[in-house]
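This report describes the fold, the interior and selected local features of one protein chain. Please read it alongside the sequence and the coordinates.

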Amino acid sequence: GYQNLTVGITYTAPGGAPPMHTHEGEEAHVLLEGSILYALGDSVFTLEAPYIVNIPPMVPHSFKNMGEDLAELVVIFPTNV
């Protein structure tokens, strides 16, 4: 396993969304399946898979599955920040 990096696969139900939050380190999402509405700082936009989103450190962000099926995301962020 990685010592300083977290890599995970998430499945978000239709309409599912985490609360707005921040991280001390940079984060990346690899959208493999689905249609996602992103709130990233002051920007709001919708992306269709496949797509990669970079989230800078300390930028408030969230996302919402706008599709009718599970959205599949790979999330990548530093573990020890």
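The sections below proceed from the overall fold to the core, the surface and the backbone.

## Overall fold

The model is predicted. The protein chain contains seven strands and zero helices, and its order along the sequence is β-β-β-β-β-β-β. With a radius of gyration of 12 Å, close to the 12 Å that the globule rule gives for 81 residues, the protein chain is as compact as a globular protein of that length. Along the principal axes, its C-alpha atoms fill a box of roughly 35 × 30 × 20 Å.

Among contacts with a separation of 6 or more, 73% join residues 24 or more positions apart. Buried residues make up 30% of the 81 residues. The accessible surface amounts to about 4900 Å², and carbon and sulfur atoms hold 57% of that area.

## The nonpolar core

The largest nonpolar core comprises ten residues: Leu 31, Ile 36, Tyr 38, Leu 40, Leu 47, Val 53, Ile 55, Phe 63, Ala 71 and Leu 73. At least two residues of this core come from each of β3 (35-40), β5 (51-55) and β7 (71-78). Strand β3 makes the greatest contribution, with three residues.

Ala 71, one of the core residues, has contacts beyond its sequence neighbourhood. Setting aside residues up to four places away in sequence, Ala 71 touches Thr 10, Tyr 11, Thr 12, Glu 33, Ile 36 and Asn 65. Of these partners, Ile 36 is also listed in the core.

## Ala 28 and its contacts

Ala 28 belongs to strand β2, which spans residues 27-33. Its relative accessibility is 18%, so Ala 28 counts as buried, the cut-off being under 20%. When neighbours within four places in sequence are left aside, the contacts of Ala 28 are Val 53, Val 74, Val 75 and Ile 76. Among them, Val 53 is a member of the largest nonpolar core.

Ala 28 and Pro 56 lie 28 residues apart along the chain, and a distance of 8.6 Å separates their C-alpha atoms.

## Strand β1 and the surface

Thr 10 sits in strand β1, residues 5-12. Thr 10 is partly exposed because its relative accessibility is 27%, a value in the range between 20% and 50%. Apart from residues up to four places away in sequence, Thr 10 touches Ala 71, Glu 72, Leu 73 and Val 75; Ala 71 and Leu 73 both appear in the largest nonpolar core. Thr 10 and Leu 32 are 22 residues apart in sequence, with a C-alpha to C-alpha distance of 10 Å.

Val 7 is also located in strand β1. A relative accessible area of 43% makes Val 7 partly exposed. Together with Tyr 2 and Leu 5, Val 7 forms a nonpolar surface patch of about 290 Å².

## Backbone features in the loops

Most residues other than glycine have a negative phi, and most peptide bonds are trans. Two sites in loops depart from these patterns. The peptide bond from Ala 49 to Pro 50 is cis, its omega being near -5°. Pro 50 occupies the loop between β4 (43-48) and β5.

Met 58 is not a glycine, yet its phi is positive, at about 65°. Met 58 is placed in the loop between β5 and β6 (61-65). With 49% relative accessibility, Met 58 counts as partly exposed.

Conventions: Residues numbered from 1 in each chain as written. Predicted model: local features only at pLDDT ≥ 70, side-chain atom pairs only at ≥ 80, totals over all residues. Heavy atoms only, no water. Helix = DSSP H or I, 4+ residues; strand = E, 2+ residues; numbered from the N terminus. Buried < 20%, exposed > 50% of the residue type's maximum accessible area, 1.4 Å probe, protein only. Contact = heavy atoms within 4.5 Å. Core = buried A, V, L, I, M, F, W, Y, C linked by side-chain atoms within 4.5 Å. Patch = residues over 30% accessible without salt bridge, like charges linked within 9 Å, V, L, I, M, F, W, Y side chains within 5 Å. Areas by Shrake-Rupley, 256 points an atom, 1.4 Å probe, with all protein chains shown as cover. Salt bridge = Lys/Arg side-chain N within 4 Å of Asp/Glu carboxyl O. Rg over C-alpha atoms; globule rule 2.2 N^0.38 Å.
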